[in-house]
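Reader: I'd like to learn how to read an interface and a pocket. Can you walk me through it?

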2 protein chains.
Amino acid sequence: MTICWCMITILFLLVTVRPENDDVTNGYLRFASGNKGFKVALFADLHFGENAWSDWGPDHDLSSIKVMSTVLDVERPDFVVYLGDLVTANNFMVQNASLYWDQAISPTRARNIPWASLFGNHDDAPFEWPIEWFSSSGIPQIVCPSACASGGDECVFEGTTRLELMRDEIRRNSLSYTRFGPRNLWPSVSNYVLTVVSPKSDRNTPVMFMYFLDSGGGSSPGVISAIQAEWFRNKSQEMNPDSSIQEIVFWHIPSKAYEKVAKEAAAGQTQCVGSMFEEGVAAQDAEMGMMKLLKKRPSVKAIFVGHNHGLDWCCPYEKMWLCYARHTGYGGYGTWARGARILEITDEPFSLKSWIRMENGTLHSEVVLSN
Amino acid sequence: MTICWCMITILFLLVTVRPENDDVTNGYLRFASGNKGFKVALFADLHFGENAWSDWGPDHDLSSIKVMSTVLDVERPDFVVYLGDLVTANNFMVQNASLYWDQAISPTRARNIPWASLFGNHDDAPFEWPIEWFSSSGIPQIVCPSACASGGDECVFEGTTRLELMRDEIRRNSLSYTRFGPRNLWPSVSNYVLTVVSPKSDRNTPVMFMYFLDSGGGSSPGVISAIQAEWFRNKSQEMNPDSSIQEIVFWHIPSKAYEKVAKEAAAGQTQCVGSMFEEGVAAQDAEMGMMKLLKKRPSVKAIFVGHNHGLDWCCPYEKMWLCYARHTGYGGYGTWARGARILEITDEPFSLKSWIRMENGTLHSEVVLSN
């Protein structure tokens with residue numbers, strides 16, 4: 001830990017505050033001029049910041065940046081969704097996780113591509129002291145990173161709160177579409193909706209709505225609460241009262257419905273599209289009504305989650321698709337090849353297609369999710 | 001949550017800073033004038049601050065104060081040891097746990113009795129959101145306690161650090177013998193030694209040494225580290241080089257040796273003294289050398305722990321005793337009758353006796369631990 005985090009933090013704070021942008025303010029995402037399609041890359045489970053006291057942590061982060069760079073350069077998406085677990089906060093001795101969070105979004109920002117992020121279960125977790133450190137005579141790593149850390153050099157790494165992480169991202173980035181959710185949903189924070197608007201209309205006609213939800217974990221239970229479901233019900237009713245515009249939904253931890261569909265797939269009762277079926281579904285702690293709403297609402301076509309690094313499938317479920325992204329980061333468990341799920345939305349006629357782009361540039365698991 | 005925590009905090013900060021006291025500075029505990037014995041009451045697992053959003057939390061704290069008051073008035077000890085888990089920080093939405101910590105020490109302070117405290121696994125834990133709160137439409141309890149809380153009203157309750165808790169106790173109380181441990185032992189904090197000195201000597205001749213250790217838990221693994229053992233080895237060698245003065249040791253989470261002795265007791269291979277054998281030993285996560293040192297050192301006569309509310313025994317182990325205190329608080333699991341272990345040290349001839357004083361005033365489990 002030879003780097004002075006204090007100095008880095010100060011430099012970091014000097015980054016300019018973002019200018020106003022009406023599309024960001026309104027949550028409008030526009031097709032690039034002349035394009036028929038609007039392309040979204042999903043970066044899931046990057047897990048930046050692991051094991052900074054050894055060599056492989058920072059090395060992994062460099063590899064993750066390379067994966068994202070490859071995907072961005074090959075696919076040239078119009079938008080990126082950071083699908084949670086951008087950082088492994090329980091694994092670093094840093095007082096402000098925004099430092100690593102910022103690294104995770106840097107390849108997208110460097111290419112001038114806008115993005116939105118939501119929270120996983122590792123992003124605001126407090127540091128977990130490795131028990132091995134207590135068995136040797138002395139813990140050399142307990143050299144506090146900086147004497148200017150708050151409260152002196154007490155080695156307290158309580159985790160950076162969701163609100164702080166989000167505030168830092170929004171304040172410092174004009175390309176960020178991320179937003180604080182309604183206050184009455186807290187401690188669940190990343191709950192918001194963005195609108196993909198028609199390329200041919202001056203009147204911001206919606207082509208599709210993208211809902212972002214915070215599935216908890218870390219500082220609170222890993223669930224989508226009843227009040228979040230209620231928020232979705234009201235919001236979707238308000239924005240799309242007749243369900244005429246298609247909707248997709250993003251969050252981090254799979255709902256219990258993913259367990260059900262995985263069982264059906266294993267029993268050959270449903271046809272999934274994907275290349276990895278390497279582990280069991282690690283679902284939310286409880287189902288509190290969100291899936292019931294999504295099942296009933298005709299315009300909801302697909303849900304996208306991360307969390308399970310060994311799964312990358314899309315399986316049909318009721319009238320929609322339950323999809324995993326693809327483990328993008330070198331951080332986090334698992335050594336399966338990294339990649340990113342891509343979505344492509346076309347207008348007139350509407351279609352929603354998806355595939356997975358790998359770190360070596362290859363492509364697989366193409367699927368039409370709606371048309 | 002109608003109380004304004006902000007105002008309470010401000011009032012709390014106005015409490016006067018403690019005056020200098022040579023005995024506190026030197027860690028000397030003196031027999032009261034004319035007394036042949038020096039008496040210590042152990043208050044274990046008070047668990048203040050549970051469920052402040054319902055009635056029974058504060059009610060339990062009042063009951064705990066009553067238990068302590070009874071014990072203090074019946075026994076009239078010279079000193080009190082707070083044996084960890086003074087508060088259940090994972091169970092309250094308060095930004096500074098010192099508020100509850102202060103309630104826990106209030107009966108002792110009110111009687112002008114000095115004390116020392118050490119940490120349990122609940123004292124610095126972050127708030128755990130009850131999952132039930134997420135199943136109803138809205139979480140009425142997420143009304144932030146105060147608009148003056150740091151970071152606005154973001155409902156962040158990360159747990160008060162061990163260092164903050166200890167700093168608050170020491171700064172505000174002239175009767176507190178608690179101290180920060182050596183910095184190289186952090187994140188393990190409450191590691192220090194106090195000396196019971198001879199009643200007949202002007203020269204501060206030691207009668208017994210009392211070691212306090214932090215067995216972790218909460219923000220770090222529940223262990224006594226190798227470096228803490230090393231600290232004990234050096235400190236005891238320095239203060240008592242020929243092992244001629246007897247020593248006792250306090251910490252919160254039982255070591256693995258307690259499991260061993262409990263098995264022997266259950267098999268009838270050893271004779272324990274106690275009234276409660278109601279649960280299994282919940283031991284530290286690992287043994288990292290402390291017990292080996294204590295077993296070898298002839299002057300160590302007994303260890304006292306809390307943590308298991310359903311156990312109150314003392315069992316012989318090698319050449320010493322492994323003892324539980326007695327669950328003192330109405331907070332924490334278990335409905336067994338509350339009480340406190342008492343220790344009595346006499347000089348010329350030296351003896352160390354113990355018994356348990358119950359909340360109804362009765363006494364049981366008398367045992368001679370050393371003479």
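**The interface and a pocket**

Author: Sure, and keep in mind that this is a predicted model. The size of an interface is often given as the accessible area lost when the parts come together. Here, chain A and chain B bury about 2700 Å² between them, and carbon and sulfur atoms give 66% of that area.

Reader: Which elements give two or more residues to the side of chain A that touches chain B?

Author: Those are α5 and α6 (226-239) of chain A. The residues on that side of chain A split into 15 nonpolar, nine polar and six charged.

Reader: And how many residues does the contact take from each chain?

Author: Chain A puts in 30 residues and chain B puts in 30 residues.

Reader: What is the count of salt bridges between chain A and chain B?

Author: Zero. For polar contacts, the tally between chain A and chain B is three residue pairs, with both residues at pLDDT 80 or more.

Reader: Now the pocket. How much space lies in the second largest pocket?

Author: About 840 Å³. The second largest pocket is lined by 42 residues, and A:P126, A:E158, B:P126, B:E158 and B:G159 are the closest to its centre.

Reader: Which helices each supply at least two residues of that lining?

Author: Among the contributors are α5 (162-172) of chain A and α5 (162-172) of chain B. So much for where; as for chemistry, the lining of the second largest pocket has 20 nonpolar, twelve polar and ten charged residues.

Conventions. Residues are numbered from 1 along each chain as its sequence is written. Chains are lettered from A and ligands numbered from 1 in the order in which they are written. This is a predicted model: local features need pLDDT of at least 70, side-chain atom pairs count only at pLDDT 80 or more; totals for chains, interfaces and linings use all residues. Side-chain values use heavy atoms; hydrogens and water are left out. On a 1 Å grid over the protein atoms alone, a cavity is a set of points where a 1.4 Å probe fits but cannot get out, and a pocket is an open set with protein on both sides within 12 Å along at least five of seven lines; lining residues have an atom within 4 Å of a point. Grid points are joined across faces, edges and corners, and a volume is the space filled by probe spheres set on the points. Helices (H or I, at least four residues) and strands (E, at least two) are DSSP runs, numbered from the N terminus. Ala, Val, Leu, Ile, Met, Phe, Trp, Tyr, Cys and Pro count as nonpolar, Asp, Glu, Lys and Arg as charged, and the others, Gly among them, as polar. Contact means heavy atoms within 4.5 Å. Buried area is the accessible area (1.4 Å probe) that two parts lose on being put together, summed over both. A salt bridge is a side-chain nitrogen of Lys or Arg within 4 Å of a carboxyl oxygen of Asp or Glu. A polar contact is a pair of N or O atoms within 3.5 Å; within protein, one must be able to donate a hydrogen and the other to accept it, and residues adjacent in sequence count only if both atoms are side-chain atoms.
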